[in-house]
Amino acid sequence: MSTIHPRITEVLTHTFKVPPSEIHPDSTMDSLEMDSLAVAEFAVLLRETTGGETDLDRIPKDATLAEISRFIDPPRGCVTTARPEAHLSNAR
């Protein structure tokens with residue numbers, strides 16, 4: 001089973017008040033009932049809390065949390081693309 005980056009869980013529970021019981025690797029922004037504005041804010045907060053320089057502003061609403069987690073913290077030896085939507089759509 002995929003794990004979720006701890007910062008994702010932290011941001012979802014503290015900022016967006018998503019109950020931890022609803023946060024699963026296969027959850028999507030849609031399934032967590034996050035609208036476009038919330039997804040944009042989520043991307044900004046993730047970038048700030050992870051210190052990442054990746055362009056998270058294009059997170060698709062149908063990307064799973066496991067896919068987003070892999071984009072934020074790719075496995076060693078994995079090259080992360082500058083376009084998250086391409087990386088995330090290829091991850092499935």
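This passage describes the helices, the nonpolar core and the connecting loop of a predicted model.

The helix α1 covers residues 6-14 and α2 covers residues 36-50, while α3 covers residues 65-72. In α1, the residues I8, V11, L12 and T13 are buried, and the cover over the buried residues of this helix includes α2 and α3. In α2, the buried positions are A38, V39, F42, A43, L45 and L46, and here the cover includes α1 and α3. An α-helix has 3.6 residues a turn, so residues three or four places apart point the same way.

The length of α2 was compared with the value expected for a helix. Because each residue is expected to add 1.5 Å, the 15 residues of α2 should span 21 Å, and the separation of 21 Å between its end C-alpha atoms agrees with this. At the start of α2, the backbone nitrogen of L37 has a side-chain oxygen of D35 within 3.2 Å. Just after the other end of α2, G51 adopts a positive phi of about 70 degrees.

The largest nonpolar core comprises 21 residues, among which I8, L12, F16, M34, F42, L65 and I68 touch the most other members. Each of α1, α2 and α3 supplies at least two residues of this core, and the greatest contribution, six residues, is that of α2. In soluble globular proteins, nonpolar side chains tend to be buried together. The surroundings of I8 illustrate how the core is joined: leaving aside residues up to four places away in sequence, I8 touches F42, L46, L65, I68, S69 and I72. Of these neighbours, F42 and L46 are among the buried residues of α2, and F42, L65 and I68 are, like I8 itself, among the core members that touch the most others.

The loop between α1 and α2 contains buried as well as exposed positions. I23 is placed in this loop and counts as buried because its relative accessibility is 10%, under the 20% cut-off. When residues up to four places away in sequence are not counted, I23 touches I4, T9, L12, T13, V18 and L65. One of these partners, T13, is 10 residues from I23 along the chain, and the C-alpha atoms of the two are separated by 8.7 Å. Both L12 and T13 are themselves buried residues of α1.

S27 is likewise found in the loop between α1 and α2, and it too counts as buried, because its relative accessibility is 6%, under the 20% cut-off. With residues up to four places away in sequence again left out, the contacts of S27 are with E22, L32, A63, T64 and L65. L65 thus appears among the contacts of I23, of S27 and of I8.

Two other positions of the loop stand out by their backbone angles. K17, which lies in the loop between α1 and α2, has a phi near 55 degrees, a positive value in a residue other than glycine. With a relative accessible area of 62%, K17 is exposed, because this value is over 50%. E33 lies in the loop between α1 and α2 as well, and its phi, near 60 degrees, is also positive although the residue is not glycine. At 74% relative accessibility, E33 counts as exposed. The loop between α1 and α2 therefore includes K17 and E33, which are exposed, as well as I23 and S27, which are buried.

Technical notes: Residues numbered from 1 in each chain as written. Predicted model: local features only at pLDDT ≥ 70, side-chain atom pairs only at ≥ 80, totals over all residues. Heavy atoms only, no water. Helix = DSSP H or I, 4+ residues; strand = E, 2+ residues; numbered from the N terminus. Buried < 20%, exposed > 50% of the residue type's maximum accessible area, 1.4 Å probe, protein only. Contact = heavy atoms within 4.5 Å. Expected span 1.5 Å × (residues − 1). Polar contact = N/O pair within 3.5 Å; in protein donor to acceptor, adjacent residues only side chain to side chain. Core = buried A, V, L, I, M, F, W, Y, C linked by side-chain atoms within 4.5 Å.
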